[in-house]
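Grab your viewer and work through a few exercises on the model below. Try each task before you read its solution.

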Amino acid sequence: MGTARVLSRGSVAALAVAALLAAAGCGSVRETQQIPVTAFRNYGASPLQHTFYIGSDARFHRFQWSNGKQGGTWLIARAEMDIVNEKSIDDPGVGRAGYFLSRRDDGRWMAH
């Protein structure tokens, strides 16, 4: 009977450790990070790998991204990244839709 309690407590402890590991970042990551433009990655527009431009405010361009189980929101300073046709984050239609990006021959980005 004492052994059954130890195993039961051990199982609970193992589940607690697994939950803590997942919460600490060993599971999927969905967070907002300010990054330099050099760290920006355009993952394309597929369901599991994508980078969507969701608009700009006075300071930042905002992007939702996903790469498999990893993902989140990136903030890039507007001064670091030139987007030809910026969209205002304050426009209610912009944040919901999201846009995929392409790079033009002149190095500037275009939202589609």
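The exercises below go through strands, salt bridges, rings and the nonpolar core of this predicted model.

**Exercise 1. The hairpin**

Work out how strand 2 and strand 3 are arranged, and how many bridges join them.

Solution. Start with the ranges: strand 2 covers residues 49-56, and strand 3 covers residues 60-67. Next, the direction: the two strands run antiparallel, and seven bridges join them. Now look at the connection, where three residues sit between the strands, giving a hairpin. To check the register, pick His50 and you'll find that its bridge partner in strand 3 is Ser66. Last, ask how covered strand 2 is: six of its eight residues are buried, so to classify them you need a relative accessible area under 20%.

**Exercise 2. Salt bridges**

Find out how many salt bridges the model has, and say whether Asp57 and Arg62 are buried, partly exposed or exposed.

Solution. The cut-off here is a side-chain nitrogen of Lys or Arg within 4 Å of a carboxyl oxygen of Asp or Glu. With that rule you should get four salt bridges. Here's the idea behind the search: side chains of opposite charge can pair when their charged atoms come close.

Among the four, take these one by one:

- Asp57 pairs with Arg62, with 2.7 Å between the closest N and O atoms. Asp57 has a relative accessible area of 23%, and Arg62 also comes out at 23%, so Asp57 is partly exposed and Arg62 is partly exposed.
- Arg78 pairs with Glu86 at 2.7 Å, N to O. Arg78 is at 33% and Glu86 at 34%, so Arg78 counts as partly exposed and so does Glu86.
- Asp106 pairs with Arg104 at 2.6 Å, N to O. Asp106 is partly exposed at 45%, and Arg104 is partly exposed at 31%.

**Exercise 3. Ring geometry**

Count the aromatic pairs, then decide whether the Phe40 and Trp74 pair is stacked, tilted or edge-to-face.

Solution. The count is eight aromatic pairs. For Phe40 and Trp74, the ring centres are 5.8 Å apart and the planes sit at 65°. Planes over 60 degrees apart count as edge-to-face, so that's the label for Phe40 and Trp74. This pair links distant parts of the chain: Phe40 lies in the loop between strand 1 and strand 2, Trp74 lies in strand 4, and 34 residues separate them. Phe40 is buried because its relative accessibility is 7%, and Trp74 is buried because its value is 5%.

Now repeat it for Tyr53 and Phe63. Their centres are 5.6 Å apart with 45° between the planes, which makes the pair tilted. Tyr53 is in strand 2 and Phe63 in strand 3, ten residues apart. Both of these residues are buried.

Finally, chain the pairs together: Phe40, Tyr43, Tyr53, Phe63, Trp65, Trp74, Tyr99 and Trp109 are linked into a cluster. One of these rings, Tyr99, also has a charge over its face, with Lys87 at 5.1 Å from the ring centre.

**Exercise 4. The nonpolar core**

Which residues have the most contacts inside the largest nonpolar core, and which elements give two or more residues to this core?

Solution. The core holds 13 residues, and those with the most contacts inside it are Phe40, Tyr53, Phe63, Met81 and Leu101. Strand 3, strand 4 and strand 6 are the elements giving two or more residues.

Take Leu101 first. This residue sits in strand 5, and Leu101 counts as buried because its relative accessibility is 7%. Beyond four places in sequence, Leu101 touches Phe40, Asn42, Tyr53, Phe63, Trp109, Met110, Ala111 and His112. One of those, Asn42, is 59 residues away in sequence, but the C-alpha atoms of Leu101 and Asn42 are 7.5 Å apart.

Then take Tyr53. Past the four-place window, its contacts include His61, Arg62, Phe63, Ile83, Glu86, Gly98 and Leu101.

**Exercise 5. A glycine in a loop**

Where is Gly98 found, and is Gly98 buried or exposed?

Solution. Gly98 belongs to the loop between helix 2 and strand 5. At 16% relative accessibility, Gly98 is buried. Setting aside neighbours within four places, Gly98 is in contact with Phe52, Tyr53 and Ile54. As for Arg62, 36 residues away along the chain, its C-alpha is 9.9 Å from that of Gly98.

How values were computed:
Residues are numbered from 1 along each chain as its sequence is written. This is a predicted model: local features need pLDDT of at least 70, side-chain atom pairs count only at pLDDT 80 or more; totals for chains, interfaces and linings use all residues. Side-chain values use heavy atoms; hydrogens and water are left out. Buried means under 20% relative accessible area, exposed over 50%, partly exposed in between (1.4 Å probe, protein chains only). Helices (H or I, at least four residues) and strands (E, at least two) are DSSP runs, numbered from the N terminus. Two strands pair if DSSP finds at least two bridges between them. Rings of Phe, Tyr and Trp (its six-membered ring) pair if their centres lie within 6.5 Å; planes under 30 degrees apart count as stacked, over 60 as edge-to-face and the rest as tilted. A charge sits over a ring if NZ of Lys or CZ of Arg is within 6 Å of the ring centre and within 35 degrees of the ring normal. A nonpolar core is a set of buried Ala, Val, Leu, Ile, Met, Phe, Trp, Tyr and Cys residues joined through side-chain atoms within 4.5 Å. Contact means heavy atoms within 4.5 Å.
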